[in-house]
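User: I'm new to this structure and would like a close look at a single part of it. Could you pick out one pairing of strands and walk me through what surrounds it?

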Amino acid sequence: MAFREINSKMVEATVMPGQRLFSQRGAMLAYKGEVSFTPNIQGGQGGITSMIGRRVANEDTPLMTVEGSGTILFGHGGHHVQVINMTGDTLYVEADRLLAFEGTLQQGTMFMGSQGGVMGMVRGQISGQGLFTTTLKGHGSVAVMAHGGVIEVPITPQRPVHVDPQAYVAHHGDVRNKLSTALGWRDMVGRGSGEAFQLELSGHGAVYVQASEEKL
């Protein structure tokens, strides 16, 4: 595992020769050793296709390639940092929430309409993901940012999970998600997102929920 949680707002990452990390620009707080930071122009492990896809999707959060031999402290804006360890499945998360991730993970972009058509696009707007979201696939660690702490909620076939769209951070696994209304349309006037809309996630995996409805 490349990341070690120092406290709720900082992680320590280790990089060795032949390995690399990707981090959000401005996320480095301090480092020890012979470490280099280079602006990334190839869209992470996904290459030029991933970069073009993110630009079209407005998901072009600048990344830095981190290489060398040493340890780095990452954090950004005083946000809570959550480490997610991937074991071969796909993580869905908006690019702005990515603090850093291992170079072993393949980065891509997914159109929200591919998961639920028009309602998928509406879901993306309400949850803050927009029309597109970032995917990370493979084996490795990811550090994501959130407000007020994060809890991992398991999703099982027998027990779907309902989440306030603005409290949603990310999810992984074989998960289907849809947007549902908790109230009638007339009753939703003046209501907050959690009272009016809910994300229903079903299948097998996990969803990460933050303790605040505030966006990054």
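Analyst: Here is a walk from the whole chain down to one pair of rings and then out again.

A word on the ground rules: this is a predicted model, where local features need pLDDT of at least 70, side-chain atom pairs count only at pLDDT 80 or more, and totals for chains, interfaces and linings use all residues. Residues are numbered from 1 along each chain as its sequence is written, and side-chain values use heavy atoms, with hydrogens and water left out.

Let's start with the overall picture. The protein chain has three helices and 13 strands; these are DSSP runs numbered from the N terminus, helices being H or I with at least four residues and strands E with at least two. Of its 216 residues, 50% are buried, where buried means under 20% relative accessible area, exposed over 50%, and partly exposed in between (1.4 Å probe, protein chains only). About 10,400 Å² is exposed, with carbon and sulfur atoms supplying 52% of that; such areas come from the Shrake-Rupley method with a 1.4 Å probe, and for residues only the protein chains shown count as cover. Take the contacts (heavy atoms within 4.5 Å) between residues at least 6 apart in sequence: 80% of them join residues at least 24 apart.

Now for the close-up, strand β7. This strand covers residues 98–102, and five of its five residues are buried. Its partner here is β3, residues 20–24, and the two run antiparallel with three bridges between them; strands pair if DSSP finds at least two bridges. Phe22 has Phe101 of β7 as its bridge partner.

Those two residues also meet through their rings. The structure has two aromatic pairs, meaning rings of Phe, Tyr and Trp (its six-membered ring) with centres within 6.5 Å; planes under 30 degrees apart are stacked, over 60 edge-to-face, and the rest tilted. Phe22 and Phe101 have ring centres 5.5 Å apart and planes at 35°, so this pair is tilted. Because Phe22 sits in strand β3 and Phe101 in strand β7, the pair ties together parts 79 residues apart in sequence. Phe22 is buried, at 0% relative accessibility, and Phe101 is buried too, at 1%.

Stepping outwards, β3 also has five antiparallel bridges to β5. There, Leu21 is matched with Val66 of β5. Strand β5 spans residues 63–74 and has five bridges to the antiparallel strand β2, residues 10–15, with Val11 facing Phe74 as bridge partner. Strand β4, residues 28–39, pairs with β5 as well, antiparallel and over 11 bridges; Val35 and Gly68 are bridge partners in that pairing.

Charged side chains come next. There are two salt bridges in the structure, each a side-chain nitrogen of Lys or Arg within 4 Å of a carboxyl oxygen of Asp or Glu. One joins Arg97 to Glu94, with the closest N and O atoms 3.3 Å apart. Arg97 is buried at 3% relative accessibility, and Glu94 is buried at 14%. In the other, Glu12 meets Arg4 at 3.1 Å, N to O. Glu12 counts as buried at 17%, whereas Arg4 is partly exposed at 47%.
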